[in-house]
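Welcome! Here is a set of exercises with worked solutions, to be read alongside the sequence and the 3D view. Try each task yourself before you read on.

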Amino acid sequence: MINAYPYSLFPPEPEARQRNIIAPLKKINPAACFFRNDAAFDWLYPEHFQLMSLRQWTPLAVAKKAAEYLNVKGARILDIGSGIGKFCMVGAHHYPDSEYFGVEQRHELVHYARIAKKYLGLDNASFIHANITQVNFHEFDHFYFYNSFYENIDRENAIDDTIETSYSLYDYYTRYLQSVLKDKPPGTRVVTYQSLGEILPNDFKQADQSFGTLLRLWIRE
Ligand SMILES: C[S@@+](CC[C@H](N)C(=O)[O-])C[C@H]1O[C@@H](n2cnc3c(N)ncnc32)[C@H](O)[C@@H]1O
């Protein structure tokens, strides 16, 4: 036998209705869906760039790990050879306290990076169309490098044929980076991906590594 009238609490008081019954509205960032997996992100670009993603652009998980290390509050981070801008966009999305810059020699890639950045609504990423020898390294605090000069050695997997490549350019750019990084103060961080750190002067020490040994996290002592 039921002692209490089963519907005595019905309808609930307005206050009770709100407590725990209606899920609070979450602020959803509509761009977040593009950072769920690499295919979703690459979809922002024309098909021929999607097809070279595995070889040429940093995977999302790797970019996130690299940005986590470089994200020292308020830092200005430069991607040396930024391609379609994937590293910068991942950093800007996950670690908005830093500013991300990409320097890229191919105008078409800079063009698509800028379109994607606008589409994703990221205010803290910018792309410079220039050769790395034309940027002022004093303007940046920390650096990301995905073996950008390798195209001078491995001509079979070139992004396109608009850029002159040669073994001597590989040496030249590598030595150039060593010389500008020599001027950076202690505490400067560099992340290299698929590179042994040949661009780094001797006083950069490896602090950690990830994804096997593919991603190396360095700091100047
Ligand atoms: C392997 S892709 C990496 C792209 C991007 N950093 C990423 O992680 O997705 C290397 C990029 O470096 C660019 N690059 C190579 N040498 C360069 C130079 N001397 N100055 C500017 N960009 C360069 C290439 O055009 C290419 O887009």
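**Exercise 1.** Find Gln 194 and decide: is this residue buried, partly exposed or exposed?

*Solution.* Start with the cut-offs: a residue is buried if 20 or more other C-beta atoms lie within 10 Å of its own, exposed if 12 or fewer, and partly exposed in between, with C-beta atoms placed from the backbone. Gln 194 has 16 C-beta neighbours inside 10 Å, so it counts as partly exposed. Next, locate the residue: Gln 194 sits in the loop that links strand 5 (189-193) and strand 6 (204-210). Helices (H or I, at least four residues) and strands (E, at least two) are DSSP runs, numbered from the N terminus. Finally, look at the backbone: Gln 194 is not a glycine, yet its phi is positive, at about 55°.

A word on the model before you go on. It is a predicted model, in which local features need pLDDT of at least 70 and side-chain atom pairs count only at pLDDT 80 or more, while totals for chains, interfaces and linings use all residues. Residues are numbered from 1 along each chain as its sequence is written.

**Exercise 2.** Describe Asn 147 in the same steps: where does it lie, and what is the sign of its phi?

*Solution.* Asn 147 belongs to the loop between strand 4 (142-145) and helix 8 (167-182). Its phi is positive, about 30°, although Asn 147 is not a glycine. Because 16 other C-beta atoms lie within 10 Å, Asn 147 is partly exposed.

Ala 158 is found in the loop between strand 4 and helix 8 too. With 14 C-beta neighbours inside 10 Å, Ala 158 is partly exposed. Now measure a distance on your screen: Ala 158 and Gln 56 are 102 residues apart in sequence, and their C-alpha atoms are 9.0 Å apart in space.

**Exercise 3.** In what order do the strands line up in the sheet?

*Solution.* Begin with the inventory: the chain has 8 helices and 7 strands. The 7 strands form an open sheet in the order 3-2-1-4-5-7-6, with mixed pairing. Strand 3 (125-129) and strand 6 are at the edges with a single partner strand each, so one side of each has no neighbour in the sheet. On average, neighbouring strands of this sheet are turned by 20° against each other, direction ignored; axes here are lines fitted to C-alpha atoms, for helices over the stretch in contact, and angles run from 0 to 180 degrees between N-to-C directions.

Now walk through the pairs, where two strands pair if DSSP finds at least two bridges between them:

- Strand 1 and strand 2 are parallel, over 5 bridges, and Ile 77 stands opposite Tyr 100 in strand 2.
- Strand 1 and strand 4 run parallel with 3 bridges, and Ile 77 also stands opposite His 142 in strand 4.
- Strand 4 and strand 5 are parallel, over 3 bridges, with Phe 143 opposite Val 190 in strand 5.
- Strand 6 and strand 7 run antiparallel, joined by 6 bridges, and Asp 208 has Leu 217 in strand 7 as its bridge partner.

Strand 6 and strand 7 make a hairpin with 4 residues between them, and Phe 211 in the turn has a positive phi of about 50°.

**Exercise 4.** Which residues touch the most other members of the largest nonpolar core?

*Solution.* A nonpolar core is a set of buried Ala, Val, Leu, Ile, Met, Phe, Trp, Tyr and Cys residues joined through C-beta atoms within 7 Å. The largest one has 48 residues, and Ala 66, Ile 80, Met 89, Tyr 144 and Val 191 touch the most other members. Helix 5 gives the most to this core, with 7 residues. The buried residues of helix 5 (60-70) include Leu 60, Val 62 and Ala 63.

Then follow one member, counting two residues as in contact if their C-beta atoms, placed from the backbone, lie within 7 Å. Leaving aside neighbours within four places in sequence, Val 191 is in contact with Ala 66, Tyr 69, Leu 70, Tyr 144, Leu 215 and Leu 217.

**Exercise 5.** How many residues of helix 6 are buried?

*Solution.* In helix 6, 8 of the 9 residues are buried, among them Phe 87, Met 89 and His 93. Helix 6 lies across strand 1, strand 2, strand 3 and strand 4, and runs at about 175° to strand 2.
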